[in-house]
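User: Please take a close look at the sheet in this model, following its strands, its turns and whatever packs against it.

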Amino acid sequence: MRDNIYIRLGVPVLVVCIVAAAGLAITWSFTADKIEAQARAAEQRSLKIVLPEAADFVPVTDAGILGKAGAAAGDVAVAGIFVANDQSGSALGVGILVASRGYGGPMHLAIGVDRNGKVAGVTIVSMAETPGLGSKVVDDPTFLPRFFGLDSAEAAHKVDTITGATKSSRGVRKGVEAALAAYKAIGGVEGVSVR
Amino acid sequence: MKQFWKVLTNGLSLENPLTVLMIGLCSTLAVSTKLEGSLFMGIAVIFVLAMSNLLISAIRRFTPDEVRIPIFIVVIASFVTIVDLVLKGYFPSVYSFLGVWIPLIVVNCIVLGRAEAYAYHNGVLLSIADGIGMGLGYTLIISALGAFRELFGSGKLVFLGNTLINFGPSYRGPNILLLFPGAFLLFGLVVAASQAINHRLITRKDVM
């Protein structure tokens, strides 16, 4: 009789789990495209903030370029590289999405670098920093502009952090440094807009 | 049918999950800073409650006592994930406001509590009524809190991008309303008010 218990209790749980998994798979198939589209739209919105003059952003898909950028960025993950084109279709800069580490977890940043290799804009796409302390990196309107115009990872490294938000500021700084290093590694705008 | 309505309205007043049973409070206090977010949170909870109550009631005869909790959790988590995916795909602004509170519906005591206390022992129809009623009771309180805190805390009421009421830039509301202490204070007042109403309902019933 002993082995019966496993069947009597196990089978109902198994059946419920299978049905639940099937139901979720169906829901997923209906919503996956939609969720993907929303994520793309959010990406385009943040790129538009850092490179407002650009008319559209074309993602770089070349594995070689992405690999080079990833290697240059070190322990910061490069989530995407986009060529920013103006109305006439010529490249005016590169938008780079990175995932750095703050105090409260990953910080997703979008960094725009113009064709001279200077930071044109930085925005925080999402983060989980402590409200009132770490969140000063967004709430303090003077912080993100400190990076504008910088053209090397070394220069970005010298940017002062905010008191009370040291780790969060460092997270942003590391993200910008990584983006500038990646920009250099891929050969700038010319390196990605040849094709 | 009379029973159906009785069970449905039960969740709104005499057994309101928030003001009487006092469960599911943390999401209420955290989310109710905005009317729009509160309302969507309420709708999400109604959906999860009604659907999980329905399913749990339907399979209650095949659910062995010993493993009922894992089965409840799988059912509830599935419906919460469905809500999560749909909100993420179709209402991204609401999704980013509610954030972690949507997945946390899984551990909301109201849902598991009703599964255990009601749906596991009652018929499908009544269980749906109980789920909707409890969900409506939750939605009523959280939306009222949300509307009040948004209006008097920030000075305006925005719903789906439309500004319904705006006190203008000269209004400087008490910031505490938007913070947790304000939520606790306000919630206490809501509990007091609903106790007064419920007390009246009960005494009136006794007379009849």
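Analyst: Two strands are taken to pair if DSSP finds at least two bridges between them, the strands themselves being DSSP runs (E, at least two residues) and the helices likewise (H or I, at least four residues), numbered from the N terminus. This is a predicted model, in which local features need pLDDT of at least 70 and side-chain atom pairs count only at pLDDT 80 or more, while totals for chains, interfaces and linings use all residues. Residues are numbered from 1 along each chain as its sequence is written, and chains are lettered from A and ligands numbered from 1 in the order in which they are written.

In chain A, five strands make up an open sheet with antiparallel pairing, in the order β1-β2-β3-β4-β5. Its edges are β1 (56–59) and β5 (119–126) of chain A, each of which pairs on one side only. From one strand to the next the twist averages 25°, where angles run from 0 to 180 degrees between N-to-C directions and axes are lines fitted to C-alpha atoms, for helices over the stretch in contact.

Strand β4 (residues 106–114) of chain A deserves particular attention. It is mostly covered, with eight of its nine residues buried, a residue being buried if 20 or more other C-beta atoms, placed from the backbone, lie within 10 Å of its own, exposed if 12 or fewer, and partly exposed in between. Towards β3(A), β4(A) is joined by nine bridges in an antiparallel run, and A:Ser100 stands opposite A:Met107 in β4(A). The hairpin of β3(A) and β4(A) has four residues between the strands, and A:Gly105 there takes a positive phi near 135°.

Towards β5(A), β4(A) pairs in the antiparallel sense over six bridges. Within this pairing, A:Leu109 stands opposite A:Ile124 in β5(A), and A:Ile111 stands opposite A:Val122 in β5(A). These two strands also form a hairpin with four residues between them, in whose turn A:Gly117 has a positive phi of about 85°.

Two helices can be described against these strands, contact meaning that the C-beta atoms of two residues, placed from the backbone, lie within 7 Å. Helix α5 (residues 166–185) of chain A lies across β2, β3, β4 and β5 of chain A, and runs at about 135° to β3(A). Against the same sheet, whose twist averages 25° from one strand to the next, helix α2 (residues 63–73) of chain A packs so as to touch β2 (77–85) and β3 (91–101) of chain A, its direction making about 125° with that of β2(A).
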